[in-house]
Amino acid sequence: MALLEVKNLFFSYSDQPVLEEVNFKLGKGEIFCLFGPNGCGKSTLLECVLGTLKISRGYVYLNGRDVRNLRPAEAARQMAYVPQLHQKTFPYTVKEIVLMGRAAYTGMFTSPSEEDYAAVEEAMQKIGIQRLSEKPYTQLSGGELQLVMIARALAQKTPVMIMDEPTAHLDFRHELIILETVVQLVRETGLSILMATHFPNHAFFFDNNDIPTTVALMNSRRFAAVGRPEEVLSEQSMQRTFNVEARMVSYYREGKKEFRQIVAVRTNGLR
Amino acid sequence: MIFSLTIGRYPLPLSVIAKIMWFRLWGLVGQFPDTYEVVVWDIRFPRALLGVFVGASLAVSGTAFQGLFRNPLVSSGTLGVSAGAGFGASLAIVLFNNTALIYIFAFAFGVLSVVLSYLIGRFYSATPTITLVLGGIIVSSVFSALVSLVKYAADPYEQLPAIVFWLMGSLASARYSDLMVAGIPMAIGMAGLFAVRWQINVLSMGDREARSLGINTSVAKGLVLACATMATAGAVCVSGIIGWVGLVIPHIGRMLIGNDNKLLVPVSISLGACFLLLVDMLARTISGSEIPLSILTALLGGPFFVYLLKKTKGGGW
């Protein structure tokens, strides 16, 4: 059975339709990438799945249960969320931030227990950020902050993690660090990930690392295509969706399997 | 706190205070001059207690509001509690000039203004936190205007000075009966905030993240809002408007022990209590007549805040 299933989902802001007829499934240890141009509804879809936006029609099932019937704490034990841009407020320490991932396991009138602190240590260790533990998180770089957000989501101990453009605004190296962290988590813990991304090569990166990866190409409110990265993210589809001339490149690393990436060459037509 | 009992127009040694308290607590009849007993037991002790309660309430609700609104610039009065209570009190001074009614009006209008701010905030559901603060600003300015109107209409010899002094804050009227009445909402409010203190951390991540972390945001926010309002309204209705405590004590706490509300809430409670106790002690001793509290809180708190800012380098902002 799929961990997460979205069935015939429709969503509109007042009377402006944003999402139409969205269907997909996410199984254990899989990555599902939402890919598409700005404003195509990726983040909206994530918010519908999270339950922060009320869908107009259709269903979102989490472990077989309709998310609308789940209390926030129940939902938060099933799926964790890594925001695209976290708005920093007070200079909490990194440890205090990661500890907030335990809110779903903490009663309304109680504070976190020893077990929660242990989960925090474990999450920070897995992501490799223990050295930042006592640092005010407002002083972190963009890449470090994103790792902290992933650690917080990991402390929630959920089977599903939802990431909204986790590498937005990151430098060359940190983008790769985040992707490698995701691959490592999926491999080691069997986590399932639903991710919105602007970069087709993220999907290829996961696929190249032997993670079962599905891509949905979103365009004007719906899924234009769903399937394996090399099928969906073709030169033709880049042309159709973005008006961009692109080339698929492939190479062999260490004489092993074929690695694929897609490279943008130039924009076509009117800008 | 005990120290504050010794100081005043009738300086008394600590030993006499201790004896008076001891005898009173056990219901014994002591052999002290009546004046001593009245001064310590009926005037200074309730006043000190009230100062502790009011200071703690204002500081802790300021802390809670700052966390809830994710904004370090808001204070316990942000949602219009102070302005509403000020209007209620002025109205009662002009209409009835009865102490009990002043309390009731101040409390009722304080709560009413938060309810109004909340309703205004609900009009626009996309970013409820920002509009809630905006609602508070609107309600505050409307009530401030109404206070001016009442002042304008008030009798300039009797009522106007009463209003002006009330608006500057004082604990001079403290009696046990006040403490009993206003202490209840303050105690409930503080206890509530203490119970949900860690959840305030999570709420300060913003609605969407707090929800995805597993907090029922509308319930938790409502609870924090209700508790902080009760504590503030309870404090304001007996003490008048005491500025500064609800804004700066939380920040002093943040500089001293960090931003984790699990620690910050109790620290704010004790810092607020100590600070107001100290300020009130000065208010009634440095000059022949009492100095309104708001003047002293700002004059004392300001330089101290700057000193801490320099010493802790702002603590990571």
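In this predicted model, strand β1 of chain A runs antiparallel to strand β4 (residues 57–62) of chain A, and five bridges hold the pairing. Helices (H or I, at least four residues) and strands (E, at least two) are DSSP runs, numbered from the N terminus, and two strands pair if DSSP finds at least two bridges between them. Going along this pairing, L4(A) has L62(A) as its bridge partner, E5(A) sits opposite Y61(A), and K7(A) is matched with Y59(A). Residues are numbered from 1 along each chain as its sequence is written, while chains are lettered from A and ligands numbered from 1 in the order in which they are written. Local features need pLDDT of at least 70, side-chain atom pairs count only at pLDDT 80 or more, and totals for chains, interfaces and linings use all residues; side-chain values use heavy atoms, with hydrogens and water left out.

Strand β1 (residues 4–13) of chain A also pairs with strand β2 (residues 16–26) of chain A, again antiparallel, this time through seven bridges. Here S12(A) stands across from P17(A) in β2(A). The two strands make a hairpin with two residues between them, and S14(A) in that turn has a positive phi of about 40°. A hairpin is also formed by β4(A) and β5(A), with two residues between them and N63(A) in the turn at a positive phi of about 55°. The strands β4(A) and β5(A) are antiparallel and joined by two bridges, and L62(A) has R65(A) as its bridge partner in β5(A).

Put together, these pieces give an open sheet of four strands in the order β2-β1-β4-β5 (chain A), with antiparallel pairing. Its edge strands, each pairing on one side only, are β2 and β5 (65–66) of chain A. Helix α1(A) lies across β1, β2 and β4 of chain A, at about 115° to β1(A). Contact here means heavy atoms within 4.5 Å; axes are lines fitted to C-alpha atoms, for helices over the stretch in contact, and angles run from 0 to 180 degrees between N-to-C directions. As background, side chains in a regular strand alternate between the two faces of the sheet.

Chain A has another open sheet, built from six strands in the order β6-β7-β8-β3-β9-β10, and its pairing is mixed. The strands at the edges are β6 (79–82) and β10 (222–227) of chain A, each of which pairs on one side only. On average, neighbouring strands in this sheet are turned by 15° against each other, direction ignored. One parallel pair is β7 (residues 160–164) and β8 (residues 192–197) of chain A, which share five bridges; V160(A) has S192(A) as its partner in β8(A). Helix α6 (residues 172–189) of chain A packs on the sheet and touches β3 (31–35), β7 and β8 of chain A, with its direction at about 160° to that of β8(A). Helix α9 (residues 235–242) of chain A packs there too, touching β3 and β9 (213–219) of chain A, and its direction makes about 30° with that of β9(A).

What about the place where the chains meet? The contact draws 38 residues from chain A and 33 residues from chain B. Together the chains bury about 3,000 Å², 61% of it on carbon and sulfur atoms; buried area is the accessible area (1.4 Å probe) that two parts lose on being put together, summed over both. On the chain B side, W198(B), R208(B) and L213(B) provide 23% of the area buried against chain A, more than any other three residues.

Salt bridges (a side-chain nitrogen of Lys or Arg within 4 Å of a carboxyl oxygen of Asp or Glu) number 18 over all chains, and two of them cross this interface. In one, R208(B) meets E47(A), the closest N and O atoms being 3.3 Å apart. That pair links helix α10 of chain B to helix α1 (residues 42–50) of chain A. In addition, the side chains of E209(B) and R152(A) form a salt bridge at 2.8 Å, N to O.

Twelve residue pairs are in polar contact between chain B and chain A, with both residues at pLDDT 80 or more. A polar contact is a pair of N or O atoms within 3.5 Å; within protein, one must be able to donate a hydrogen and the other to accept it, and residues adjacent in sequence count only if both atoms are side-chain atoms. Among the elements giving two or more residues to the chain B side are α9 (197–203) and α10 (207–212) of chain B, and α9(B) gives the largest share, five residues.
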